[in-house]
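Student: I have a structure to read and do not know where to begin. Can we go through a few features in turn?
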Amino acid sequence: KGSKVSTQYTWTFGVEGSSTPETSQGYSVNTNKTHSFQSTGVHNVTVTATNKQGSATVSMDILVRAAIQSVYVDMPHGAQANKPVQFVTFPESDSDIAETSDLGNVHYIWYFGDETSETARGLTTWDSTVTHVYSTAANYTARVEASNTVSNFFQTYNVVLYGTLRT
C-alpha cells in the first residue's frame with residue numbers, strides 16, 4: 001500500500017507546459033513546495049503523486065507578474081497656482097526578465113502635498129495620467145504609490161508652483 005513516506009511526487013513548473021521535472025519523495029517535503037520563476041507569463045504547474053496504489057495528477061496555470069522596481073513621473077519643472085498640473089507615470093520593472101506590460105494592472109495612489117480636503121487621504125486611480133490644481137504658490141512634495149498584484153513602489157517628487165508665470 002502507498003503511504004505518505006513512500007509516495008513519490010513529480011513537479012513541473014513550465015512556461016506554457018514545458019520544464020524539467022523535479023522529483024522528490026515524502027509528503028512532508030512536498031506540502032509547501034516553492035519555486036522561483038525566471039520569466040513572467042503563464043506557467044503550468046503540475047504535480048503527480050505515485051505510489052504502489054497508482055498515481056494522481058493535478059495541474060494549474062499560474063500567472064506570474066513582474067514586480068514594480070521604479071516609477072518615473074513626467075511633470076513640469078514649474079507650474080502656476082490655480083492651473084491644472086499634469087502628472088504622467090511610467091512604472092518600470094526589472095528589464096532582465098520583464099517588459100512594462102508584464103506588470104499587469106497597476107493602480108496609483110497620489111498625495112499632492114497640499115493637504116486639500118479631497119486629496120489628504122489620497123487620490124486612487126487606475127489611470128497613469130492625473131491632474132491636480134494647487135491653490136497657492138509654494139514648493140510641494142508630491143508622492144505616488146504604484147501597486148500591482150505582486151509589489152508596490154513609493155516615490156516622492158518636488159513640485160514648484162508660482163503665482164504668475166511670464167513668458
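Student: Which side chain does the side chain of Asp 114 make a polar contact with?

Tutor: This is a predicted model. In it, the side chains of Asp 114 and His 132 make a polar contact at 2.8 Å. Asp 114 sits in the loop that links strand E8 (107-111) to strand E9 (123-125).

Student: Is Asp 114 buried or exposed?

Tutor: Buried means under 20% relative accessible area. Asp 114 has 17% relative accessibility, so Asp 114 counts as buried. As for its surroundings, the C-alpha atom of Thr 141 is 8.2 Å from that of Asp 114, with the two residues 27 apart along the chain.

Student: How should I read a sheet?

Tutor: Start with a general point: side chains in a regular strand alternate between the two faces of the sheet. Then look at the strand order, which in one open sheet of 3 strands is E5-E7-E10, with antiparallel pairing. Strands E5 (68-74) and E10 (129-133) are at the edges with a single partner strand each, so one side of each has no neighbour in the sheet. From one strand to the next, the twist averages 30 degrees.

Student: How many bridges join E7 to E10?

Tutor: There are 5 bridges between strand E7 (residues 84-93) and E10. One pairs Pro 84 with Val 133 in E10.

Student: In which sense does E12 pair with E11, and in which with E6?

Tutor: Strand E11 (residues 139-147) pairs with E12 in the antiparallel sense over 9 bridges, and Arg 143 has Thr 156 in E12 as its bridge partner. These two strands form a hairpin with 4 residues between them. Strand E6 (residues 79-80) pairs with E12 (residues 152-162) in the parallel sense over 2 bridges; here Ala 79 has Leu 161 as its bridge partner.

Conventions. Residues are numbered from 1 along each chain as its sequence is written. This is a predicted model: local features need pLDDT of at least 70, side-chain atom pairs count only at pLDDT 80 or more; totals for chains, interfaces and linings use all residues. Side-chain values use heavy atoms; hydrogens and water are left out. Buried means under 20% relative accessible area, exposed over 50%, partly exposed in between (1.4 Å probe, protein chains only). A polar contact is a pair of N or O atoms within 3.5 Å; within protein, one must be able to donate a hydrogen and the other to accept it, and residues adjacent in sequence count only if both atoms are side-chain atoms. Two strands pair if DSSP finds at least two bridges between them. Axes are lines fitted to C-alpha atoms, for helices over the stretch in contact, and angles run from 0 to 180 degrees between N-to-C directions.
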